[in-house]
Amino acid sequence: MSAIHWYWSNILESGGVGLSVVGSISPGGRSRGRPAGADAGAGGGQAPAAVAWRRGCKRVRARTQRRGMAIGGDPAVFLELFGGRADPIWLPNRLRAPVPPQLELYCEDESIVPVENSVGYSRPIWETITFPHMPPATPYDAGVAEDDDGASAPSHTLGLSSKRFADFDISWCVFKRVPLGDGSGRTHGLKVYVMVPKSATAAAAAAAAAAADNAADAPPPPPVTLKVAAKFHGGGWTHGAALFPDWFPVWLMEFAVAEGAAIVTPNYRMLPESRGADFMEDMQDFWRWLAADDGSGLRAHVAAAHRGIDVDLGKVIAFGESAGGHLALHSGIVVGRHTGGDGGAGFSGLRAVIATNPGGVNPNGVIPRLAGGDAGAAAGAAQDEPAPAQILAEHLRLRPDGAVVSEMFPPARRGVWMAMIRQRPLFHNLFGGLDDDIWLLNRLRALVAAAEGPGAVVVDMPPQILLHGEDDDLVSVESSMMYARLARKLWGPDTVDLVIRPGGHGFDADITMDAMWLREKLEKISAYWNL
């Protein structure tokens with residue numbers, strides 16, 4: 001607790017050093033510096049802590065701890081040294097104070113924790129705690145002027161602390177700018193992150209060093225060429241981020257390294273500030289950026305940010321989990337199956353699509369259950385917790401005019417997502433109506449009708465593998481079963497491989513590629529990828 005307090009205090013104002021006691025959370029808390037029995041009279045005996053010191057501790061440690069008890073046991077002395085009762089070094093005082101705009105709070109722990117708007121605090125705290133060295137993940141981007149080229153620098157490299165990313169060098173750039181809706185002329189940049197296996201970086205560096213040793217004026221060696229795995233993140237189209245580590249399954253990272261592939265993962269606009277049509281447009285613009293050969297696409301970025309590395313745009317697959325699975329499957333329809341022969345630099349479609357627990361399939365699907373089911377929801381209502389309509393109304397009331405959100409680290413906004421999705425009319429208004437082709441079943445039905453009608457047109461969909469947890473309480477497994485039946489009718493029985501495994505939403509997060517059931521499927525993807 002003290003370490004977290006120290007981080008909070010110093011990052012908030014670079015002042016105050018809350019380094020010592022657990023009691024630093026509350027200025028009204030009981031003094032805990034003095035051990036039990038320390039206030040006893042002469043007949044009360046010595047404090048147990050003091051006895052322990054004499055029996056087993058070194059003298060220098062004993063002196064240090066006695067000093068700490070002397071300070072902690074005298075509230076006046078402690079408050080004078082640590083900070084008065086109104087001082088912002090106490091966390092409740094700090095949270096009541098005005099928060100600087102676009103502030104990032106960092107925590108040593110790898111988990112992402114929201115700063116809650118706790119009862120008694122006078123204003124909402126929008127900021128989130130995220131990793132050191134992460135790019136800004138503020139909920140509302142202040143935007144930049146259209147002519148601000150500095151904000152669109154071609155590449156930025158990152159050093160991230162998550163163990164999930166230990167085997168990758170990561171860079172990012174802005175692949176698209178969208179105008180804020182406030183009429184100011186400012187824009188919001190949608191970022192894309194490129195993850196290159198460190199083994200490829202090392203191989204490129206070794207080749208360059210060997211060439212330099214042979215001759216000082218030797219031409220640079222040919223680049224190390226990687227395949228591409230495009231990954232769309234989940235989060236119910238409401239929260240999440242392209243680089244949120246918990247949503248990178250272990251097997252995907254291992255597979256990318258083993259196959260010699262770069263992972264390319266974009267952000268996209270999210271609900272309720274934007275609409276379903278907006279993130280569908282972002283998905284299509286991402287593919288246009290990836291394929292661009294005018295010096296502004298993926299290959300140009302990789303050349304600028306990862307020396308000695310190139311990517312083969314003829315060998316691209318798409319992956320997505322949950323809401324990202326929805327975008328990955330739509331990508332297969334929009335982009336189509338690879339048609340470029342044996343590959344090469346040019347982009348000509350996808351080799352395969354992998355979707356885990358994909359959402360956005362069935363417009364008449366079951367509403368996700370709250371934790372504890374309906375009984376849990378009823379219990380919450382009995383405790384005067386805000387109803388979904390109130391939660392969403394308050395969120396929309398507080399958002400800035402023209403706000404755009406494309407990066408929000410969980411669990412921030414999860415409550416907003418649940419509130420929105422449990423209000424069907426509002427969700428359909430934002431995401432897409434019951435008859436809208438944004439729902440995958442509607443899209444497939446339209447494709448079936450086009451294939452069976454006069455002048456039949458059949459979209460050439462790449463091979464697909466769907467992974468779904470049979471106990472998923474957020475996205476029903478039946479929706480994937482319905483998708484697979486209709487897709488097989490359209491593209492043939494061998495085009496879609498549906499795998500149903502024990503577990504809930506995100507069941508595959510910690511599974512390695514050595515799992516026998518998964519290895520068989522990945523070998524099939526590898527065969528498609530390397531054709």
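Does Asp310 count as buried or exposed, and at what relative accessibility? Select Asp310 in this predicted model. Its relative accessibility is 15%, so Asp310 counts as buried, the cut-off for that class being under 20%.

**Asp310 and its strand**

Extend the selection to strand E9, in which Asp310 lies. Then display the surroundings of Asp310: apart from neighbours within four places in sequence, the residue is in contact with Pro223, Val224, Thr225, Leu226, Arg299 and Val302.

**The second largest pocket**

Keep strand E9 (309-321) on display and add helix H13 (414-421), helix H14 (424-431) and helix H16 (477-491); each of these elements supplies at least two residues of the lining of the second largest pocket. The volume of this pocket is about 780 Å³. To find its centre, select Ser322, Asn357, Leu474, Val475 and His505, which are the closest to that point among the 45 lining residues. Colouring the lining by class shows 22 nonpolar, 17 polar and six charged residues.

**The largest nonpolar core**

Next, select Phe286, Trp287, Leu298 and Tyr483. Within the largest nonpolar core, which has 76 residues, these four touch the most other members. Now show helix H8, residues 276-291, which gives the most to this core, with seven residues. For comparison, turn to a second, separate core of 34 residues; Phe168, Ala229, Phe255 and Leu522 are among them. As a general background, nonpolar side chains in soluble globular proteins tend to be buried together.

**Trp287 and Ser331**

Return to Trp287 and show its contacts. Beyond neighbours within four places in sequence, they are Ala230, Phe232, Val316, Ala318, Ser331, Val335, Phe347 and Leu350.

From that list, select Ser331, which lies in helix H10, residues 323-335. Ser331 counts as buried because its relative accessibility is 0%, where the class requires under 20%. A distance drawn from C-alpha to C-alpha between Ser331 and Trp287 gives 8.4 Å, although 44 residues separate them in sequence. With neighbours within four places again left aside, Ser331 is in contact with Phe232, Met283, Trp287, Gly336 and Leu350. Phe232 and Leu350 thus appear in the contacts of Trp287 and in those of Ser331.

**The whole chain**

Finally, zoom out to the full chain, with its 17 helices and 12 strands. Of its 531 residues, 47% are buried. Among contacts with a separation of 6 or more, 75% join residues 24 or more positions apart. The accessible surface comes to about 24,500 Å², and carbon and sulfur atoms account for 54% of that area.

How values were computed: Residues numbered from 1 in each chain as written. Predicted model: local features only at pLDDT ≥ 70, side-chain atom pairs only at ≥ 80, totals over all residues. Heavy atoms only, no water. 1 Å grid on protein atoms, 1.4 Å probe; cavity = no way out; pocket = protein on both sides within 12 Å on 5 of 7 lines; lining within 4 Å. Points joined across faces, edges and corners; volume = space filled by probe spheres on them. Helix = DSSP H or I, 4+ residues; strand = E, 2+ residues; numbered from the N terminus. Nonpolar A, V, L, I, M, F, W, Y, C, P; charged D, E, K, R; others polar. Core = buried A, V, L, I, M, F, W, Y, C linked by side-chain atoms within 4.5 Å. Buried < 20%, exposed > 50% of the residue type's maximum accessible area, 1.4 Å probe, protein only. Contact = heavy atoms within 4.5 Å. Areas by Shrake-Rupley, 256 points an atom, 1.4 Å probe, with all protein chains shown as cover.
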